[in-house]
Structures are given as structure tokens and as C-alpha cells.
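Here is a short report on the structure shown below. It moves from one chain to a core, then to helix packing and a chain contact.

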Amino acid sequence: MTAVSGFHNAKVLGRDVPRVEDPALIRGQGRFADDIMLPGMLHAAFLRSPNAHARILSIDATAARALPGVHAVLTMADLAPHLADTRLRVAMPSPSYRLDLHRPVLADEEVVHVGEPIAVILADSRYIAEDAMAMIEVDYDPLPVANDCVAALEPGAPTAHDGAPSNLVAEMVMGYGDVDAAFEAAPHRFHERLTVHRGGSHSMECRGVVAVHDAVDDRLTVWCSTQMPHAAQRLLCDIMGLAEQQLRVATPDVGGGFGPKLVFYPEEVVVAAAARLLGRPVKWIEDRREHFVATTQERDQIWDVELATDDEGRILGVRGQLIHDHGAWTARGVNVPQGAMSAMPLPYLVPAYRIDLKVAATNKVPVTPVRGAGQPQGVFAMERLLDAAASGLGIDRAEIRRRNQVPPERMPYETPMVTRGGIAITLDSGDYPKCMAMALDAAGWEGFAARQMEARASGRHIGIGLANYVEGTGRGPYEHVSIRLEPSGRIFVRTGAAAMGQGTRTMLSQIVAEQLGGDMSNIEVIAGDTHAAPLGIGGSNSRQTVMAGNSAHAAALKIRERVLEVAAQIMQTAPADLEIEGRMVRAQTPRNVQMSNVQMSNVQMSLGEIARVAYGQAGFKLPGKGGPGIAASEEVVIDAMTYSNGTAVAEVEVDVETGEVAIRNLVFAHDCGHVLHPRIVEGQLMGGIAHGIGNALYEFMGFDENAQPLTTNLAEYLLVTATEMPPVTLLHMESPTPLNRLGIKGVGESGVIPIGGAIASAIDHALEPFGVRVAKLPLSPVDVLALINEGRARSEGKR
Amino acid sequence: MGVSDLPEGSTTRRIEVTVNGEVRSAEVPVRLMVGDFLRQNLKLTGTHFGCEHGVCGACTILFDGRAVRSCLMLAVQADGHEITTIEGLALSTDTLHPLQEAFCRTHGLQCGFCTPGMLTTLIEFLEDCPDPTPEEIRVAISGNICRCTGYEGIVAAALEAAEVLRARRAGAA
Amino acid sequence: MKPPDFLYYDPQSVAEAVGLLASLENARLLAGGQSLMALLNMRYAFPDHLIDLNRIDALAGITREGDEIRIGAMTRQRDIEDSALVRDGLPLLIEALSHVGHRQTRNRGTIGGSLCHLDPAAEQVAVANNLDAVVEIAGIRGERRMPVAEFTVGFMTTALEPDEMVTAVRFPILPKGHGFSFMELARRHGDFAIVSVAATLVYDGAGKVERAAVTLSGVDAVPLRMVEAEAMLAGRVPDEALVHQAARTAAGIEALEDAMVPSWYRRQVAETMMRRALVAADARANKGH
């Protein structure tokens, strides 16, 4: 599993250098939100709605407030006078909205999903806070429930919000070309109705917020387990009516994000406001049960889609409808279905395309991106259609894809689509057919028919399947990075990027060290702190290595130039004759020349000495032309996204008597441009693949007809463990992008995207004798056995 | 036995526990989870709670040498016993346990949140099973959930560490 | 997720424990804690008094007594797995334990705790049922013994009186060379069973089945002995047709239904699992003995 890297003569880039995060984490000396303990700190617990939809008639916290150890119970009525706004206005811009669903800081009149926060208890310990929670009396008047996104859009359906005109949150059309004419003229059409469910993120660390107020300066510090500290700062400022300098948001170590931690949550406002109100530090740590009902998730999408082809299986058009479960509030936007629709056709030449999207409000947890952000669903829909066409036309499933893939000679390939920001979607580089061929070869695609025959003869049902994806990565417009060489000789890197376990600090250290001596131990990265970086966007869209990485690269080049300029002036030589090696700048001297110590001091200087000189002294001229100090700040602006691609091939065995699916082998070939750190790239892929296997076969966030959650613990909601992972072969291609100087693309979500499609394809193939066609994810053994039973009944009916 | 002879119930207890080789004592509420005792009373925050209902394995500690979930035990139950946490695994301030070293080499951790439970579980396992197959390792950590790594690096780390530990034992013998 | 308040007791003897049980209202016994502690953390259980059995050394231990193996209620699953006595005498229990939770939970979890919690899918209960084990019970009025089949009354309900506790389980040792199989269908390794089957076959010298025991678990509130199938097998030399016929009796069960698994699935899979377990048990038997 060793990647080949594009950085051939590099010092640290492209190498498996030790991660800078590991020494603390491996000793248990990380500092996560829950590890922050301050004198006088109060512990928060949230009273949450047990109803999916109800009117709140009254809240009585008298008994809870009287419990010893309880310092306060706060409801919206208590907080509102201290807030500039009582709603979280977080919806990203889109002309598609039909309803404004900005969620309240705390629910006070109506609750619209199980788990919605109503009150906060602040106590000496979480134990006591939970005792008090049971003593708060809330009188509810239950209201009708919208529990299913399809039914919610039917005329006369109960509305998720009392008094709303309907449940239609947003509608839009994505597409291009005259798709109906294409279908009219097409000799073949294939139709699928697909149900795709994703589930929760389930970072092993749930969310957490710690806030401390400095009454002297009226300043708040909020440590938050978030992917986007700068967005949290902005929203907290808006809602609390504070200036940016009064509010610092910093991320401690973050125990995984996977999407939902990019969202801004009510609890963040409540904890910050409570700390300011009570004059005591406040900590809230989300427990796992809360994570199921209060942290955003991705759930149902229903795709009713058609593919038109010619006789050779060439795509003439794709069209259909998509219904998307939005949940009860707009906690981010319509970006998940938008991402799904734009991901669908990307690997292929699709002349005409149109999806009509309807976004439905339901009385469930709000939906926002989970690793993949809609792309797995779009890919699943496309790949299911291609499998249907292959089967209908009698063409090999790989061959039909080969005939339609965007060929390398058309790169860069400008699609007629645009991103949510109106930026053209242009596939920037890659050789998709070659990448697919690599995966097929390694998986033994050609010889599989013989193996399958042999297995069937002994009563075993094995199958192989594939799926292609193209992932939009590196979403712009920028990420801030500043670098400062301190007089101590240490190099400090500050960034708006936020680390959540992916090795962001290692990545930035590598890029900076590459230009500044190659010694990563001399570099300190401060990520995810609004007081360290004036601007920042944060972690999402597999963007940070592309955006922050390139800003770091540009800033490091400036620092390098300045260091060499100053050193050259002092050492009376030309910058071109100098090189930074470790923490020293040295003149390049012929190797065979022996020098005295005095001579040595003329030809080498430490970075610290150079920084001290550049810092300047009162009354003396500064060296060089670069101004005082050695610092550089960059926000490299890249609007266009860069597109990674890949192919997954899965081999499965289905137990046709129990419906159990075992993945026997998985091959994943991919291309994310130049690889900065092979092991980290592979780690990202493997984590994504595990998540994809979960989405395909295990993870299901169930709700009953009253929108009561059915899975609220990790025994009921099944995350993949080590025993469910198949043998995985990772194969790498490196097609550098022309869009950035490092030639890199994102990879954080790639692993998850094609897995469901590949597994569904393999299950179909294994169960060909039963005529099974998979049309939903996830698939439990119950679902698979039901499909087999139906297949058996069909063939008995035929007899 | 008369009712008057029966032990009294209590809401707090003084306990004495040997943690990472040091005797620690404290007055604790009887309902305090042993994981909270380690984290809050002793400030040993390396042990993490990922679910608090005994499924995720992040809070695993060594209790009298055995891997147990610290969310499913009370601090009072540890009175008179020995506990080792992730903070107590390194052989010295400079020298990590071979398993810790292997985790760093094989990228067995990303966010590091599940790592304390993985390490403690595997340390006990490798003592019982010094020459495991990858499948045996997978079963051993099937009660520990990791959302980041896909487990590949963790299994590789356990295999590497097993080899190092075997060589050390052979050298010592 | 933190446990509610309670008063805590850690008696040193069974006499103290049952004395406390008899004198306290709304008391719960704490064994290995692998179920109860989670219920407390989630605040699904609210005992006023928690009686911790972990300091009663006399409750743990494995001994052979005649044709039986006696396992103390507080014996950890891990110690049962490691016991040479059990490996030798109760191979079915060893096989079943590999499906029980995970290393960390077996290090704490106890056989008595599992019997008394009585989850419908509990493997140790299924084995006790299959082997016709007997439960030893203590209370302030004295001790008594009860076959497991009588002990398992209903959904998470035992035949214990409120002031009684289980002190041990006695498993009869089947003759050497008997066939056994424990099979389980669960979503992931260590998860609760959707369906599990315990099968033991004892043969006479001529290869005929002398005693057949087949237990389905996870399908009903308590383990289900498939007496009809057992009767079909008794006195016969099992062949494919007979095994299929015996397994088909599962088609008649009324299986549990929950939010994720419908009744028809458990029933259909129970038949498959029964067939496979009987085939495995028959294949494993050493009929020469």
C-alpha cells in the first residue's frame, strides 16, 4: 500500500514523515474539549424535547432550580433579553428556498424534533445537572407529525412546522441540454427508483463547548469541538451582539468531525451566553444519546431517475426527480442535495441532464453534510442506472462505463454545470479510464466469471461490482495562513484551517518545512483559533490541504526569499549561493574545502540570528528591502474546485439462506493529484471506505411513524468494527491539478463515495440467479433475504 | 443475620486505588464512574468517554491487568485495586511502549480519541496472545470503534508490536 | 449520561447480600455491570439501593462435582473461557462465549449476571437451557435449586423472589465425544444475536442419537427448546433428510419482532441455523465413544 509521490526530490513532501500530532495523543496528553477543566466551572445539561412535534404550553423549572448543586436553569425567556438575536441564521444563500427555517437558540413555543433543546441546567457536576433535568416539568400539546419526506410533500400532509404553508423547504432544477428531446429520440431507457439513507457522522468524540468570560474586559473565550471556529465566532458575535475582539473561538484537539461539526449549533450560543450571564466557566459535553438526536445527520433521499442510451450504451441523457429529507430546520442549506445532483453525472459524458429537486421538511434532526455530502447518493444513482443499462443491453458493466467516461484527451473538461456558488464545474485533470482499468485488473474482473461459475457449482453466491466517482474538493475561495520566524529561531504557522484528526498540522508543517530547512520539529502550527488567524473558513469539502496547503506554500516561499535576502546581506554573498538546512542558513561551498571555525561562522547563520537582525533595533537600518521582521501572510484565492476521481471494485459473497453479505475483497484506485503524505492519504481513504461500508450495509438512523428515533445508542446504530472490514487494496494515480502550485487535490471524502454503488452492483451480480436488483441503501440481511425470497417467488411463478 | 448487622448504605466513600503505580485516594460519590474518577479527580484525561454505555471501547482501562470499560464500573469498585491508563503505558518519559511506537509508525491513529481504548485492549491481548494473526487482532478490537482509520493501521501496529515484544522476550530469556 | 443517585452497599457474604435484599425496597444487585451499569448511565434503571456482589469471593469459582460442573454466579466470562475444566467438560459453553460481547465485557461480565438479566438473545442462558442446567438460589429463607427451564419465566423475568439471588449454575457434563454446535447470526461480531442455536447430540455405541437437545435463542422471550425436533432425532441415525425435517420444525415458531427485524426473518433464518447447527454437531461427534 505504498503510494508513489510526485514530489521526487523533496525533503519532506511526499514522504511518510512522523505526524506532529502523535506524540501527545499516543501518551494520552491530547487536550480535547472535555479535558479542559477550570476552577469554578459549571456543567451543563440540556433538557430536550421527547416529542417530534408539539406546542410547549408551559415550562416549570422550580423544583430543578431548588436542587442543591444547581446554579441555574435557563430557558429562552431567561436568555432572550441578553441576546441580539434569538435565531441561528446560518442558511447558505440560494434562490431555491420556499421556507425560512432558522432555528431558535432554545425552543419556547413549539418543538419540531425529538432532541430539540428547550432548557439548560447549570450545576456543579453533570450528574447533578441530569438529576435536575428530570425535575423540569414541561406541558406539551402534541401536534401532527411529518415523519417521511415523500409523504410530507403530498397535498394536505401534516406540516413539520405549525402554520407553515407546506413542507416544501426548497425546490430547484439542476441540468442542461434538451433532456426531453434526448429521451424522445433514444432507443433505450432505463428507470430506477432508489432510496438512499446515510445516517450520522459519529465522530468518536461527540460535540463539546467550554466557555469562560473575563468580566474585566468583557471578553469571552469559547473552546469548541468544531470544524469551523471562524464561522462560530461570527455567529456568536451576531447573536450575542459582541465585537470580534471580544470573542475568541478556539478548537482544542477535535476527536473527529466528518461533517456535522462544521455546523453552528444552539448549544454553542447557550453555553457562551450562560458563562457570561453567570460569571462562571461553563462546560457542555454532548453525550452519545444527544449526538443521535441533536447533531445533524444525512438521511433519506428518494431518486426517481431515468437513463437514455443508444444501442451501444452511450449515454444520451439522464433525468428524474429527487426528494430530499431536510429535517426540521435549515442548519446549513440545500448543499447536500445540490452536491448529490452535481456529483451524479461527473465521471461521464452526459449530453443532457436534468434533476428536479424538492426538499422536504420533516420532524426529524436537521440534515447537513456527513462525509461525502450527497456525493455518495448521486454516485449511487448514476451507477445503478449504468448497471441497469448494462444488464438491459447485454454489455459488460465495466465496458459500458468505459464507453462513457470523460476521456483524458478532453481534460480539462468544462461541464455545463456550476457549483452552489455559480462557479463552472471543470474537471481539471485525470485519466478516468486508466484509473478504472487499474482497479479492474487488481480485482480480477476479467477472470471473475469463471470463479463465479465455480462458486455457484458448490452452492456459493459470489459477485463483483464497481462504481466510479469524481469528487469535488478544495472548495474556495481561500484559507488564511501566516508564517512568522521568531527571533528564537522557531517558525510559527497560524491558519484558519481547523484540525479534526486528519493531520492538518503535519500537512502544514511539511509544506512549510520543505522551503525552510526541512526540520518539522522547528515548526509550530496553530490551527483553529480565531485570535491566531484573522480570517478563516475551516474544515469541509476536502478543502484544507488544497486551500491552506497552497497558502502555506506561498507564504513559505516568501519567508524563504526574505531569510535568504537578509542572510545574504549579512554574509555578503548572493541569496542564490545560500541554502536553508535544518535551522541554519549555509553558503554553498565545495565539499572538499576545509574551513576553520572563524571561516565557518562567515558562511553559516542560524535562523534565529537572521530573525533577530531582521527584527531591527532602534536607530539602525533594517537589512534588505523586505521591511521589518520575517513574516508573511497569504490567502491564496482559488475559486474553481479541483476534482479527484477513482473507482471501487467490491467482491461479495451472499449467504442466500440468511441474507448476510460478506465483502470478500475491495480494490480502490484513485487519483488525488500529488500526494503529500502517502500514509495520511491512505488513512483518509480507509476511514472513508469503512464509513462507506457502514452506509451500504450497517448504518441506519431509524425513526418510527411518530418520528421517534429508533436508534439512539451504539448497540442499535451499527458502526463498522475491525471484524467487518474486508481486505482492501489501494492503488494510486497522480494527475496533478493545474489549479494550484502544489498540484494537489482533496481526498478526505473520496473513500466513502463509491462504496455503496460498488457493493450494490456486486450484490446484484451475486444474486443474478434470483433476478435481484438492489434499489436501496443500507441493506440489512433482512432486506437481502426479502429480495431473494421475492426472486424465488418470481421464478416459481414463472414455472 | 439480623438487620442491625447489615452493612450501611452510603452516598460517598473514601477509596484508595493504585493508578499507574501510584496510590491515589479520594472521597467520591458512590455513583461516580471510574472513568470520571480518573478524568476529573485525578486529571488523567487520556481516558476518553465515547458513548458511556459500554459499546465504543474508547474508555477502556486496565483493571488489575484486564481490559475493562471504565464507563461500566464505579469508582468505589476500584477501591483496593490497580488501574493502568494510557498515561501509564510508556516505559519512561522518553520511551514509549512498543505498541505506542508501532501506532505512530503505521498511522494507527488519526484524531486519537479511540486510541486509549485501542492501546489498553491490545496490550492485554498481546500478553495473552503474543503471536496473533490479523484476524485474531480484529476480533480482539471488535469492541473498540474507530471512525477515522478503517482499522488497517491499528491491525498493522498490533502485528508490528507483537513482533517487537516477542523479540524482547526472546532476548530477555 | 450519568447514573442517578443511589445508596451503595458492598456485602462480603451471600448472607449479607440476601439480608440486604430482604430489608431494602427497590434494591438491585450489581454483578459484572455490563448491562446494569449501561442502564443506570442511560437512566433506564432507578434503584434506590445498589448491592454490589463483587466483594463476595465465595460467589466466584469453577468446580467439578461428580457429573456436573458448578460455576459460581460471579465467575467472570473470561475465567470460564480460560477454565480447563469447562473446556474439557462444557465445550458448548466455550463456543457460545466466543459470541458474548467483547474481550472487555467478558473480563467483567458474569454468568450469573447474564442469567438474571435474561436478555432474550443471551448465549449463556441458551447454553444453560440446552444442557438442562440447574440454578442454585439463596434467600433469607434458605437455599433452593431450580432447573433453568423453570427459572426463565418470561421477557427479562426470572423465577427469583424479590429477596433471592442466584449463587451458582450447575451444568451436567455430557459424555465424551458428544456432538455440539453453537451458531449465531448477529449483525457484527459480538452483537446481540438475531437468532442463535445451541445443539447437542449424544450418541449410543451404534451411532443412534440417545439425547438430542436443540435450543433456539433470540427468537422468543426466553430460550426455546425444540422438543418436536429432539423427538424426531431421538433413537435415529441422523442423515440429511432427518436433519432437514428436524430443522423444519422451526417454521412453526412464533418469532419475536422488533423495529429492525421482522418475525418472518427470524423464523426463516432459525430453520437454516438449526439445520446448520445439527449438521455441525453431528459432524463433530466422535461416535466411536
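What percentage of the contacts in chain B with a separation of 6 or more comes from residues 24 or more positions apart? The share is 59%. The model is predicted, and all that follows describes that model.

**Chain B**

Chain B has 173 residues, and 60% of them count as buried. Its secondary structure comprises five helices and five strands. Read from the N terminus, the order is β-β-α-β-β-β-α-α-α-α. The C-alpha trace spans about 60 × 40 × 35 Å along its principal axes.

**The largest nonpolar core**

This core holds 413 residues. A:A44, A:I121 and A:I763 touch the most other members. Helix α15 of chain A, residues 544–571, gives the most to this core, with 13 residues.

Take A:I763 as one case. Beyond its neighbours within four places in sequence, A:I763 contacts A:G463, A:V652, A:V654 and A:V661, and also A:V774, A:L779 and A:V784.

**A buried helix in chain A**

Why is helix α4 of chain A, residues 126–133, largely enclosed by the rest of the structure? Eight of its eight residues are buried, so the surroundings largely enclose it. The buried set includes the charged-letter positions A:R126, A:E130 and A:D131 along with A:Y127 and A:I128. Four elements of chain A pack against the buried residues of α4(A), as tabulated here.

| Element of chain A | Residues |
|---|---|
| β1 | 42–48 |
| α2 | 62–66 |
| β3 | 70–75 |
| β7 | 117–123 |

**A helix pair in chain C**

Helix α11 of chain C (residues 240–247) and helix α12 of chain C (residues 263–284) have axes that come within 8 Å. They cross at roughly 140 degrees. The crossing of α11(C) and α12(C) is right-handed. On the α11(C) side the contact uses C:V243, C:H244, C:A246 and C:A247. On the α12(C) side it uses C:E271, C:M274, C:R275, C:L278 and C:V279. The residues of this contact divide into six nonpolar, one polar and two charged.

**Where chain A meets chain B**

How many residues of chain A are in contact with chain B? The count is 44 residues of chain A, against 42 residues of chain B. On the chain A side, the elements giving two or more residues are α1 (22–26) and α18 (678–698). The largest share, seven residues, comes from α18(A). By type, the chain A side divides into 20 nonpolar, 15 polar and nine charged residues.

Technical notes
Residues are numbered from 1 along each chain as its sequence is written. Chains are lettered from A and ligands numbered from 1 in the order in which they are written. This is a predicted model: local features need pLDDT of at least 70, side-chain atom pairs count only at pLDDT 80 or more; totals for chains, interfaces and linings use all residues. A nonpolar core is a set of buried Ala, Val, Leu, Ile, Met, Phe, Trp, Tyr and Cys residues joined through C-beta atoms within 7 Å. A residue is buried if 20 or more other C-beta atoms lie within 10 Å of its own, exposed if 12 or fewer, and partly exposed in between; C-beta atoms are placed from the backbone. Two residues are in contact if their C-beta atoms, placed from the backbone, lie within 7 Å. Axes are lines fitted to C-alpha atoms, for helices over the stretch in contact, and angles run from 0 to 180 degrees between N-to-C directions. A crossing is left-handed if the near helix is turned anticlockwise from the far one by less than a right angle, and right-handed if clockwise. Ala, Val, Leu, Ile, Met, Phe, Trp, Tyr, Cys and Pro count as nonpolar, Asp, Glu, Lys and Arg as charged, and the others, Gly among them, as polar.
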